[in-house]
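Here is a protein to explore piece by piece. Have a look at the picture below, then read on with it at hand.

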Amino acid sequence: MTLDLTGRVAVVTGASRGIGYFIAKELAAAGAHVIAVARTVGGLEELDDQIKAAGGQATLVPLDLADMAGIDRLGGAIHERCGKLDILVANAGVLGVISPIGHVEAKTFEKVMTINVTSTWRLIRSVDPLLRLSDAGRAILLSSNAAHSARAFWAPYAASKAAVETMMRSWAHETQSLPLRVNAADPGATRTAMRAQAVPGEDPETLPHPSEIAKRIVPLASPELKETGLIFQAKHNRFVAYRQPE
């Protein structure tokens with residue numbers, strides 16, 4: 001079934017490269033007006049060129065997500081110009097370092113938490129009222145299997161993604177009686193710059209391209225989606241539920 005997002009407004013963070021870049025392209029190709037957020041102006045401009053060449057529409061927002069007041073202003077600007085928001089894709093994130101937890105510098109840990117957790121909460125706070133004004137609001141928070149595997153040396157990143165998933169679940173419970181659907185998406189190992197930083201010896205050609213992963217995640221923005229409060233595993237193209245510790 002072809003996804004039709006004509007007339008819908010979408011925010012994508014981390015849209016200048018990687019998975020976020022291709023999610024933005026896919027959303028625009030489906031008819032959404034994409035508000036593309038990222039620090040890198042050059043990457044945003046390239047995205048804009050690609051979207052416009054395909055007949056789509058985009059608004060570029062150069063913004064460092066460590067700028068919390070800037071996130072607040074973003075929500076205000078969307079309300080003023082669009083009156084609502086239909087789709088949120090909170091994709092932006094940083095890895096930090098792969099290191100024994102006792103060796104992680106405070107500034108590194110704090111940056112991971114600021115970008116991956118605090119800015120995601122601030123973004124939710126900023127756009128939650130706008131998503132509630134949509135007839136079928138959809139929120140997709142990018143996560144990682146690291147949140148569950150708790151691999152050695154991955155503590156800051158794993159902890160940050162576990163926090164994101166917990167916020168997602170709570171938000172989904174709060175809004176389960178509304179048209180708003182809230183889910184996490186685990187892209188799995190993907191051919192991105194972050195993956196190369198995390199596993200430098202890995203052959204990137206053995207991993208799926210971010211454009212392939214984006215095509216699997218974008219259907220979570222469909223107005224027909226019923227699921228909420230779950231994790232979508234892009235690798236297996238399926239939703240999985242949580243369970244209590246045993």
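Which residue of β5 does L88 stand opposite? L88 stands opposite A139 in β5. Keep in mind throughout that this is a predicted model.

## The record and the outline

Let's start with what a database has to say. UniProt, in an unreviewed entry, lists residues 8-203 under "domain: Ketoreductase". Within residues 8-203, helix makes up 49% of the chain and strand 16%. The C-alpha atoms at the two ends of that stretch are 38 Å apart.

## The sheet

Now for the strands. There is an open sheet of 8 strands with mixed pairing, and its order is β3-β2-β1-β4-β5-β6-β7-β8. β3 (57-62) and β8 (238-240) are the edge strands, each pairing on one side only. On average, neighbouring strands of this sheet are turned by 20° against each other, if you ignore direction.

## Around β5

Take a walk along β5, which covers residues 138-142. Are its residues buried or exposed? The strand is mostly covered, with 5 of its 5 residues buried. R138, I140 and L142 point one way, while A139 and L141 point the other way. That fits a handy rule: in a regular strand, side chains alternate between the two faces of the sheet.

On one side, β5 pairs with β4 (residues 87-90) in the parallel sense, over 4 bridges. To get from β4 to β5, the chain passes through helix α4 (residues 106-132), and this β-α-β crossover is right-handed. Besides the L88 and A139 pair, you can find A90 standing opposite L141 in β5. β5 also runs parallel to β6 (residues 181-186), and 5 bridges join the two. Here L141 turns up again, with A184 as its bridge partner in β6.

## From β4 to β1 and β2

β4 has its own split of side chains: I87 and V89 point one way, L88 and A90 the other, and all are buried. β4 also pairs with β1 in the parallel sense, over 3 bridges. In that pairing, A10 stands opposite I87.

Move on to β1 (residues 9-13), and you'll find 5 bridges joining it to β2 (residues 33-38), which runs parallel with it. Try spotting T13, whose bridge partner in β2 is V37. Helix α2 (residues 41-53) lies across β2 and β3, and runs at about 175° to β3.

## A serine in a loop

Not everything worth a look is in a strand or a helix. S16 sits in the loop between β1 and α1 (18-29). Why does S16 count as buried? Its relative accessibility is 14%, and the cut-off for buried is under 20%.

What does S16 touch, leaving aside its neighbours within four places in sequence? It is in contact with Y21, A38, T40, G43 and L44.

## Salt bridges

Time for some charges. Side chains of opposite charge can pair when their charged atoms come close. How many salt bridges does the structure hold? It holds 13.

One of them joins the side chains of D86 and R8, at 3.4 Å from N to O. D86 lies in the loop between α3 (68-82) and β4, while R8 lies in the segment before β1, so the pair ties together parts that are 78 residues apart in sequence. Both partners are tucked away: D86 is buried with a relative accessible area of 0%, and R8 is buried with 9%. Zoom out a little, and R8, K84, D86 and D135 are linked in a network of salt bridges.

Another salt bridge is formed by E26 and K215, whose closest N and O atoms are 2.9 Å apart. E26 is in helix α1 and K215 is in helix α8 (residues 210-217), so this pair ties together parts that are 189 residues apart in sequence. E26 is partly exposed, with a relative accessible area of 24%. Then there is R73, which forms a salt bridge with D67, the closest N and O atoms being 3.4 Å apart. R73 is exposed, with a relative accessible area of 53%, whereas D67 is partly exposed, with 29%.

How values were computed:
Residues are numbered from 1 along each chain as its sequence is written. This is a predicted model: local features need pLDDT of at least 70, side-chain atom pairs count only at pLDDT 80 or more; totals for chains, interfaces and linings use all residues. Side-chain values use heavy atoms; hydrogens and water are left out. UniProt positions are given in the numbering used here, feature names are shortened, and annotations may be inferred rather than shown by experiment. Buried means under 20% relative accessible area, exposed over 50%, partly exposed in between (1.4 Å probe, protein chains only). Two strands pair if DSSP finds at least two bridges between them. A crossover is right-handed if, with the strands pointing away from the viewer, the path from the first strand over the helix to the second runs clockwise. Axes are lines fitted to C-alpha atoms, for helices over the stretch in contact, and angles run from 0 to 180 degrees between N-to-C directions. Contact means heavy atoms within 4.5 Å. A salt bridge is a side-chain nitrogen of Lys or Arg within 4 Å of a carboxyl oxygen of Asp or Glu.
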